[in-house]
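Work through the exercises below with the sequence and the model in view. Try each task before reading its solution.

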Amino acid sequence: MKEYLIYSLTFLASGNIYCLIELMYRSRTHYSMFFCAGLSVIILLYIYQNNKSINPIVFALIASAVITLLELTFGIVFNIFLDEKVWDYSRTPLNFLGQICVPFSLIWFLFGLIIYYIFKKTALS
């Protein structure tokens with residue numbers, strides 16, 4: 001029961017925090033971003049909890065890959081199939097289908113480092 005509560009609260013907190021960051025940065029967000037962010041962080045929490053001795057750089061690389069793949073999945077569903085126009089990286093260098101791009105994958109790498117140290121310093125470890 002405790003693990004279910006930790007994952008649920010982590011999902012809710014992560015989704016809300018990411019949406020607040022988007023609101024501050026872009027002045028808008030989309031409900032899909034709540035789910036994408038929440039899902040990303042609970043996947044990373046699961047990876048961390050099962051590999052607590054993981055190197056922070058390796059964890060950040062995994063985080064970047066996980067988030068980028070989820071971003072691509074959500075982008076294909078919400079931006080391409082549903083035409084919601086949540087984001088568009090088509091003018092960003094090194095993009096794929098306008099849904100993911102190398103610059104944001106690098107941001108997700110940095111985010112992975114931050115998340116690693118948050119997990120390491122909290123009761124989530």
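The model is predicted.

**Exercise 1. Burial and overall form**

Task: State what share of the residues in the chain is buried, and find why the chain can be called as compact as a globular protein of its length.

Solution.
- Step 1. A residue counts as buried when its relative accessible area is under 20%. Of the 125 residues in the chain, 41% are buried.
- Step 2. Count the elements: the chain has four helices and two strands. Along the sequence they follow the pattern α-α-α-β-β-α.
- Step 3. The radius of gyration of the chain is 15 Å, and the globule rule gives 14 Å for 125 residues. The two values are close, so the chain is as compact as a globular protein of that length.
- Step 4. For the extent along the principal axes, the C-alpha atoms fill a box of roughly 40 × 30 × 25 Å.

**Exercise 2. Cysteines**

Task: Find how many disulfides the structure has, and explain why C19 is not bonded to C36.

Solution.
- Step 1. In general, a disulfide is a covalent bond between the sulfur atoms of two cysteines.
- Step 2. A search of the whole structure gives zero disulfides.
- Step 3. The cysteine sulfur closest to that of C19 belongs to C36 and lies 10 Å away, which is too far for a bond. The cut-off for a disulfide is 2.5 Å between the sulfur atoms.
- Step 4. Seen from the other side, C36 is in no disulfide, and its nearest cysteine sulfur is that of C19.
- Step 5. Add the accessibility of each residue: C19 is buried at 12% relative accessible area, and C36 is buried at 7%.

**Exercise 3. Salt bridges**

Task: Identify the two salt bridges of the structure, and state for each partner whether it is buried, partly exposed or exposed.

Solution.
- Step 1. A salt bridge needs a side-chain nitrogen of Lys or Arg within 4 Å of a carboxyl oxygen of Asp or Glu.
- Step 2. R26 and E22 satisfy this, with an N to O distance of 3.6 Å. Both belong to helix 1 and are four residues apart, so about one helical turn separates them.
- Step 3. R26 has a relative accessible area of 26% and is partly exposed, whereas E22, with 8%, is buried.
- Step 4. The other pair is K85 and D83, whose closest N and O atoms are 3.0 Å apart.
- Step 5. K85 is exposed, with 56% relative accessible area, and D83 is partly exposed at 47%.

**Exercise 4. The largest pocket**

Task: Describe the volume of the largest pocket, the elements that contribute to its lining and the kinds of residue found there.

Solution.
- Step 1. The largest pocket holds about 700 Å³ of space.
- Step 2. Its lining has 28 residues, and those nearest the centre are Y18, I21, A37, W108 and F111.
- Step 3. Two or more lining residues come from each of helix 1 (2-26), helix 2 (31-49), helix 3 (56-81) and helix 4 (102-121).
- Step 4. Sorted by kind, the lining has 22 nonpolar, three polar and three charged residues.

**Exercise 5. One residue in its place**

Task: Locate N16 and give the distance between its C-alpha atom and that of F35.

Solution.
- Step 1. N16 is part of helix 1.
- Step 2. With 42% relative accessibility, N16 is partly exposed.
- Step 3. N16 and F35 are 19 residues apart along the chain, and their C-alpha atoms are 9.3 Å apart.

Methods:
Residues are numbered from 1 along each chain as its sequence is written. This is a predicted model: local features need pLDDT of at least 70, side-chain atom pairs count only at pLDDT 80 or more; totals for chains, interfaces and linings use all residues. Side-chain values use heavy atoms; hydrogens and water are left out. On a 1 Å grid over the protein atoms alone, a cavity is a set of points where a 1.4 Å probe fits but cannot get out, and a pocket is an open set with protein on both sides within 12 Å along at least five of seven lines; lining residues have an atom within 4 Å of a point. Grid points are joined across faces, edges and corners, and a volume is the space filled by probe spheres set on the points. Ala, Val, Leu, Ile, Met, Phe, Trp, Tyr, Cys and Pro count as nonpolar, Asp, Glu, Lys and Arg as charged, and the others, Gly among them, as polar. Buried means under 20% relative accessible area, exposed over 50%, partly exposed in between (1.4 Å probe, protein chains only). The radius of gyration is taken over C-alpha atoms; the globule rule is 2.2 Å times the number of residues to the power 0.38.
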